[in-house]
Each structure stands twice: as structure tokens, then as C-alpha cells.
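Q: Please take a close look at one part of this protein and set it in the context of the fold around it. A formal account, with the criteria behind each term, would be appreciated.

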Amino acid sequence: MDFTAGTDTGKNEEILPGEIKPVTSEPIPPGTVGVLKELGQTVVPTGEPDIFCITIIGQIEGHFVLPPHNKTTKYEHIIPQLVAAEQNKNIKGLLIILNTVGGDVEAGLAIAEMIASLSKPTVTVVIGGGHSIGVPIAVSSSYSIIAESATMTIHPIRMNGLVIGVPQTFEYMERMQERMVRFVTSHSRISEQQFKDLMFKTGELNRDIGTAVGGYDAVKYGLMDEVGGIGAALAHLNGLIAKDNPQSTDVLLPGGLTQ
């Protein structure tokens, strides 16, 4: 049995007969460290999928940077990705996955408007939660799906920081709220009266006005289209892609390109 010098000084490593000693100085493929740090993956799927996947998680960050311990989605990162997906001819559809507590109203509406204005088929999936300003984003797609255990909190717009107690402040908040209500009702089957009833309901939430809507209730109210998960979302998105490209005879395989 042979012994050879190990990687550490003064330490021998045992090599069994016929065994090939691994090369410890093999270079790391470019980008591996960044992928491991950003995505938590050691290997990223290769190939060119025709579905682009965007995840909106944590708190939606607006014009102010949130503390570093907050899990955030920055709108300045999402918007360029949506533009790139719209321009890319190889991308046939978009899958948007939400698990968000809400966040900045204008940033959320900006993302929702961008998704709604895309010419390619889009499907949103709410897993965990799609709360507050996450509701307009959830309904902005061509088809919306919510997990059975997921919830969506609907409540009036709130303001942080210094609030000037003048009528103009409350008028501004009311106009902002109307923008959100108008967007949600125009991109879903829920009526304006039903949505406002859920928004201003008392006794449902301990420290707030509003309603926490579960998966089946969201479909019952007409807020979301279906209760399901990723499999149902990809199946429906592939159906929309095939409908938009009837001349294509290729088999549409489920897949996605992570953000």
C-alpha cells in the first residue's frame, strides 16, 4: 500500500491499489460561485427553455432601500427582465411565482402593469402568500393560479412615516387606493363592490382592517382562476403557447429559466 503527500503539509493520504487520486486543484467552472450564492444551486439547468420564470418573493422594494435583513424583490431588477423576455424570440411564455408579503404600492403596480402589457402568454402562481400589493400582481397575468394552502390579504392602503393631517393627504391615499381597486377588478372576475367589502371588513384581522382570503375562497370570489400548483400552471401556459403558435409542431416540454 502506497502513501503520497496530501494537500495539507505533514499529512499523508492513503490511496488504495488501482484507485485514482482526485485532482484537488481542478479549477471551478466560471460562475459557479455566483450561482451557488445567488440561487442556492450547484448546477443550473442547461438548454434553451421556451418559458421564462420570474419569482417575486419577500417584500417588494420601492424607492427606498429596505434593511439588509429583509428578503426583498427590487422592481428595478424585475422590469428589465420583463422587457428582455418580451424582446427575446426564443421565449414563448412567462411563469410568475409569487410568495410576497406586499410592499411599495407604486412599485407593485408598476410590475403588475408591465406583466399585464406583455404580448406573450403569462401565468401567475401564488404559493404561500400573495398579500397586499401582491394581489394586483397575481391577477395581472393571462391566467392566475393559487395553491390550496396559500392566502391573499386584502386591506386598505397604509402609509408609513410622517403623515400630514390635511384633507389633501387622505384624498391622495383614496386616489391611490382607487387605482389598485380599478386594476384588480379589471384583470379579474371579482366585482368592485365585492373587493371593497373584503378590503374594509372588520373583525377578520386582529390588528388591521381587511380579509385574509384562502385558495378556494379566492377562486370563489373571482379573484383567481384556479386552485393548483406548478404542474397546472405549466400545463396551462403550454396550452396558451400552443394556441398562440398553432403552426409549431414541436412538443412543448415544461421548463423554466430561473431569474
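Is Ser132 buried or exposed, and what is its relative accessible area?

A: Ser132 is buried, because its relative accessible area is 17%, where buried means under 20% relative accessible area, exposed over 50% and partly exposed in between, for a 1.4 Å probe and protein chains only. The model is predicted, so local features need pLDDT of at least 70 and side-chain atom pairs count only at pLDDT 80 or more, whereas totals for chains, interfaces and linings use all residues. Residues are numbered from 1 along each chain as its sequence is written, and side-chain values use heavy atoms, with hydrogens and water left out.

Ser132 occupies the loop between S6 and H4. Although Ser132 is not a glycine, its phi is positive, at about 55 degrees. The protein as a whole contains eight helices and 10 strands; these are DSSP runs numbered from the N terminus, with helices (H or I) of at least four residues and strands (E) of at least two. Of its 259 residues, 36% count as buried.

The strand before this loop, S6, spans residues 122-130 and includes Val126. Val126 counts as buried because its relative accessibility is 0%. The C-alpha atom of Val126 is separated by 4.8 Å from that of Leu98, 28 residues apart along the chain. Leaving aside neighbours within four places in sequence, Val126 is in contact (heavy atoms within 4.5 Å) with Leu98, Ala138, Ile145, Ile146, Ala147, Ala150 and Met224.

Met224 and Ser144 extend this network. Outside its neighbours within four places in sequence, Met224 contacts Val126, Ala138, Val139, Ser144, Ile145, Ile146, Met152, Arg189, Ala218 and Val219. Ser144 belongs to strand S7 (residues 143-146) and is buried, since its relative accessible area is 3%. On the same basis of leaving aside neighbours within four places, the partners of Ser144 are Thr124, Ala138, Leu223, Met224, Asp225 and Glu226.

Leu223, a partner of Ser144, sits in the loop between helix H7 (215-220) and strand S10 (226-227). With a relative accessible area of 2%, Leu223 is therefore buried. A separation of 5.5 Å is found between the C-alpha atoms of Leu223 and Ser188, 35 residues apart along the chain. Not counting residues up to four places away in sequence, Leu223 touches Val135, Val139, Ser144, Met152, Ile154, Val184, Ser188, Ile190, Phe195 and Ala218. Across the protein, 65% of the contacts between residues at least 6 apart in sequence join residues at least 24 apart.

Leu223 and Met224 also lead into the nonpolar interior. The largest nonpolar core comprises 44 residues, and those with the most contacts inside it are Ile56, Leu94, Phe195, Leu223 and Met224; such a core is a set of buried Ala, Val, Leu, Ile, Met, Phe, Trp, Tyr and Cys residues joined through side-chain atoms within 4.5 Å. At least two core residues come from each of strand S3 (51-61), helix H2 (75-87), strand S5 (93-103), helix H3 (105-116), helix H4 (134-139), strand S8 (151-154), H5 and H6. H3 gives the most to this core, with six residues. Apart from it lies another core, of 12 residues, including Leu95, Ile97, Ala233 and Leu234.

Two helix pairs among these contributors may be described further. H2 and H3 have axes 10 Å apart and pack at an angle of about 10 degrees; axes are lines fitted to C-alpha atoms, for helices over the stretch in contact, and angles run from 0 to 180 degrees between N-to-C directions. H2 and H3 are therefore roughly parallel to each other. In this contact, Tyr75, Ile78, Ile79, Leu82 and Val83 of H2 meet Ala107, Ile111, Met114 and Ile115 of H3.

The axes of H5 (residues 167-186) and H6 (residues 192-199) come within 10 Å and cross at roughly 125 degrees. That angle makes H5 oblique to H6, given that angles under 35 degrees count as roughly parallel, over 145 as roughly antiparallel, 65 to 115 as roughly perpendicular and the rest as oblique. Here Gln177, Glu178, Met180, Val181, Val184 and Thr185 of H5 meet Glu192, Phe195, Lys196 and Met199 of H6. Val184 and Phe195 are also among the residues that Leu223 touches.
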